[in-house]
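Open the model in your viewer and keep the sequence panel beside it. The stops below say what to select and what to look for there.

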Amino acid sequence: DAEGLLRIKEENQKHYRRAQRHQEKKEKIQKHNHKLGDLVEKKMYDLKTQYEHLANLRRTHILELTSVIFPIEEVKTSMRDPADVSSESDNAMTSSTVSKLAEARRTTYLSGRWVCDDHNGDTSISITGPWITLPNNGDYSAYYNWVEEKKTTQGPDMEHNNPAYTISAALCYATQLVNTLSLILDVNLPKKLCNRQFCGENLSRHRFTRAVKKLNANILHLCFSQHVNLDLLHPLHTLRNLMYLVSPGTENLGR
């Protein structure tokens, strides 16, 4: 029993010495982890600072791009409310008739159905200049109607007076701007759309609407990535959504 007790004491001493070595290793590891934690915290602060600096650079480049090359502005049109005109011409008109006319004015026949649109042509959104505009309500039917009419109509072509060229030019510039913004912001676009999509050959109604849907999807994706207020966005308002995206009031532009 004495010999067994002696062996147990020797083993306990060995375990005790091993425990001391493990404790020293533990303290060294804790000190190392603490140093690494301080280093990571410093690196994270530096990274955050770099992100903020990068966001400011992106924001500066975008605002310069949209103020010099691709300015987007709201263009007011001189159109009077038919309810006001009718009430002036007929003083006996009831208030219910005036309200019905005003309500009718706020609806638009778009792609085979009636949609509510508070602007309804009062304003247009221009890009690169006041002469290149898109309808505010997203109704681009003038383009493919002109293409279909051009296929069947023979005679002198008054192309310089046709709004279809204005629509195609505005959509072309919008596509160029969106593709450039995706490079500056380092955001991958969900839909592939080349810059010349709306230029050159006349697109059929199916191809045109498909390309417009792709463009609108890319614009909305950029707006979501920059945390644009969702209440301001509308899936059909191409240039208006772009205007909100590149507005100097967009707090997270460049993130």
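Start by selecting Cys199: this residue is partly exposed, with a relative accessible area of 37%. Here buried means under 20% relative accessible area, exposed over 50%, and partly exposed in between, with a 1.4 Å probe and protein chains only. The model is a predicted one, in which local features need pLDDT of at least 70 and side-chain atom pairs count only at pLDDT 80 or more, while totals for chains, interfaces and linings use all residues. Residues are numbered from 1 along each chain as its sequence is written, and side-chain values use heavy atoms, with hydrogens and water left out.

**The cysteines**

Add Cys194 to the selection; Cys194 also counts as partly exposed, at 31% relative accessibility. How many disulfides does the model have? With a disulfide taken as a pair of cysteine sulfur atoms within 2.5 Å, the count comes to zero. Cys194 is in no disulfide, and the nearest cysteine sulfur, that of Cys199, is 9.0 Å away.

**The whole chain**

Clear the selection and colour by secondary structure. The protein has seven helices and five strands, where helices (H or I, at least four residues) and strands (E, at least two) are DSSP runs numbered from the N terminus. In order from the N terminus, the elements run α-β-α-α-β-β-β-β-α-α-α-α. Of the 255 residues, 33% are buried. The accessible surface comes to about 17100 Å², and 53% of this area belongs to carbon and sulfur atoms; the areas come from the Shrake-Rupley method with a 1.4 Å probe, and for residues only the protein chains shown count as cover. Among contacts between residues at least 6 apart in sequence, 62% join residues at least 24 apart, a contact being heavy atoms within 4.5 Å.

**Helix 1**

Select residues 2–68. This is helix 1, with 67 residues and a reach of 97 Å from first C-alpha to last, close to the 99 Å expected at 1.5 Å a residue. The expected span is 1.5 Å times one less than the number of residues. Which residues of helix 1 are buried? They are Gly4, Ala55, Arg58, Arg59, Ile62, Leu65 and Thr66. An α-helix has 3.6 residues a turn, so residues three or four places apart point the same way. The buried residues of helix 1 pack against strand 1 (72–76) and helix 5.

**Strand 4 and its neighbours**

Go to residues 123–127, which form strand 4; five of the five are buried, so the strand is largely enclosed by the rest of the structure. Show the side chains: Thr123, Ile125 and Ile127 point one way, and Ser124 and Ser126 the other.

Now add strand 1, which runs antiparallel to strand 4 and is joined to it by five bridges; two strands pair if DSSP finds at least two bridges between them. Lys76 has Thr123 as its bridge partner in strand 4. Then add strand 5 (residues 133–135), also antiparallel to strand 4, with three bridges. Ser126 stands opposite Thr133 here. The hairpin of strands 4 and 5 has five residues between the strands, and Thr128 takes a positive phi near 65 degrees.

From Thr128, measure to Ala169, which lies in helix 5. The two C-alpha atoms are 9.9 Å apart, across 41 residues of chain. Ala169 is partly exposed, with a relative accessible area of 24%.

**Asn136 and helix 7**

Select Asn136, in the loop between strand 5 and helix 4 (141–152). Asn136 is buried, at 2% relative accessible area. Its side chain makes a polar contact of 2.6 Å with the side chain of Arg240. A polar contact is a pair of N or O atoms within 3.5 Å; within protein, one must be able to donate a hydrogen and the other to accept it, and residues adjacent in sequence count only if both atoms are side-chain atoms.

Arg240 is one of the buried residues of helix 7. Extend the selection to residues 238–245 to see this helix, in which seven of eight residues are buried. Its buried residues pack against strand 1, strand 4, strand 5, helix 5 and helix 6 (205–225).

**Thr175**

The last stop is Thr175 in helix 5 (residues 163–185). Is Thr175 buried or exposed? Thr175 is buried, with a relative accessible area of 1%. A polar atom of its side chain lies 2.8 Å from the backbone oxygen of Leu171. Not counting residues up to four places away in sequence, Thr175 touches Leu193, Cys194, Asn195, Phe198 and Leu215.
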